[in-house]
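Biologist: I would like to learn how to read a protein model. Could you walk me through one, feature by feature?

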Amino acid sequence: MIVTLIVICEVGFWVLLAAGLATRYLLKMPRTGLALLLCEPLLEVLLLVVTAIDLKNGAEPSWRHGLAAVYIGYTVGHGHRTVKWLDGHAAHRLGGGPPPVKPPRYGMARARHEGKVWLGSVTAAAVASGLLLLATWYVGDDGDTDSLKSWIYIAWRTAGIHGLIALSYTIWPKKAPEGEAGKLPARDPDRDRV
């Protein structure tokens, strides 16, 4: 049941996202579109509540419960950036707005960008770990919680691998090709915000 709910939440995420963006830009109803986009976190709350109820009703803690926590963590860590990225593309293609700013491709600007994306993975691992520790406490000594604890290791190992990849952009920054070397460096969208 939990795995099915995770799939439903993922499909619901994309359906709400498409509906919110279509309402915002095609139907020219920005507030209604924003309301639909703001409903997306409710999917994660639903998943969290159902997982807690499943554990409280005596379900043996398993990889399914761990996967639910990691899914919620990933959504918290990377969901906002995904929605923002797609909103920029929808505003451009459907709403007549300017083209979205592309992430920098070269040098330290790219390294900073990759570092910020990695912080999303750290946030995801922290949220997943917190939920898994709460689930372990919630279940108590009544069940075998080793499968829940193993997901904490998986979440942090994934964040660590992502961190090494992000660090590689700092140690070995990608250089612009010869033809682009004389041009101005790519704008860093995160630094240009006021």
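Modeller: Gladly! Let us begin with one residue: Ala111 is buried, with a relative accessible area of 5%. Keep in mind that this is a predicted model.

Biologist: What makes 5% count as buried?

Modeller: Buried means under 20% relative accessible area. Ala111, at 5%, therefore counts as buried.

Biologist: Where does Ala111 lie, and which residues does Ala111 touch?

Modeller: Ala111 lies in helix H5. Leaving out residues up to four places away in sequence, Ala111 touches Tyr169 and Thr170. Also, Ala111 and Trp172 are 61 residues apart in sequence, with their C-alpha atoms 9.2 Å apart in space.

Biologist: How do I read the whole chain?

Modeller: Start with the elements. The protein chain has 7 helices and 0 strands, and from the N terminus on they run α-α-α-α-α-α-α. Of its 194 residues, 35% count as buried. Among contacts with a separation of 6 or more, 76% are between residues 24 or more positions apart. The C-alpha atoms fill a box of roughly 65 × 45 × 25 Å along the principal axes.

Biologist: Now a single helix, please. How many residues does helix H3 have, and how far does H3 reach?

Modeller: Helix H3 covers residues 40–56, which is 17 residues. From first C-alpha to last, H3 reaches 25 Å, close to the 24 Å expected at 1.5 Å a residue.

Biologist: Which residues of H3 are buried?

Modeller: In H3, the buried residues are Glu40, Leu43, Glu44, Leu47, Val50, Thr51 and Leu55. Seen down the axis of H3, they fall within an arc of 135°, so they line one face of the helix. The face turned away from that buried side carries the exposed residues Leu42 and Lys56.

Biologist: What covers the buried residues of H3?

Modeller: The cover includes helix H1 (2–25), helix H2 (30–38), H4 and H5. Just past the helix, H3 is followed by Gly58, whose phi is positive, near 100°.

Biologist: And how should I read the surface?

Modeller: Look at its total first, then at patches. The accessible surface of the chain comes to about 12100 Å², and 68% of that belongs to carbon and sulfur atoms. Leu26, Leu27, Met29 and Leu94 make a nonpolar surface patch of about 370 Å².

Biologist: Where is Leu94 found, and why can Leu94 be part of a patch?

Modeller: Leu94 is found in the loop between helix H4 (63–93) and helix H5 (107–139). Patch residues need over 30% relative accessible area, and Leu94 is partly exposed, with 37%.

Conventions:
Residues are numbered from 1 along each chain as its sequence is written. This is a predicted model: local features need pLDDT of at least 70, side-chain atom pairs count only at pLDDT 80 or more; totals for chains, interfaces and linings use all residues. Side-chain values use heavy atoms; hydrogens and water are left out. Patches are made of residues with over 30% relative accessible area and no salt bridge: like charges are joined within 9 Å, nonpolar side chains (Val, Leu, Ile, Met, Phe, Trp, Tyr) within 5 Å. Accessible areas come from the Shrake-Rupley method with a 1.4 Å probe; for residues, only the protein chains shown count as cover. A salt bridge is a side-chain nitrogen of Lys or Arg within 4 Å of a carboxyl oxygen of Asp or Glu. Helices (H or I, at least four residues) and strands (E, at least two) are DSSP runs, numbered from the N terminus. Buried means under 20% relative accessible area, exposed over 50%, partly exposed in between (1.4 Å probe, protein chains only). The expected span of a helix is 1.5 Å times one less than its number of residues. The arc is that of the directions from the helix axis to the C-beta atoms. Contact means heavy atoms within 4.5 Å.
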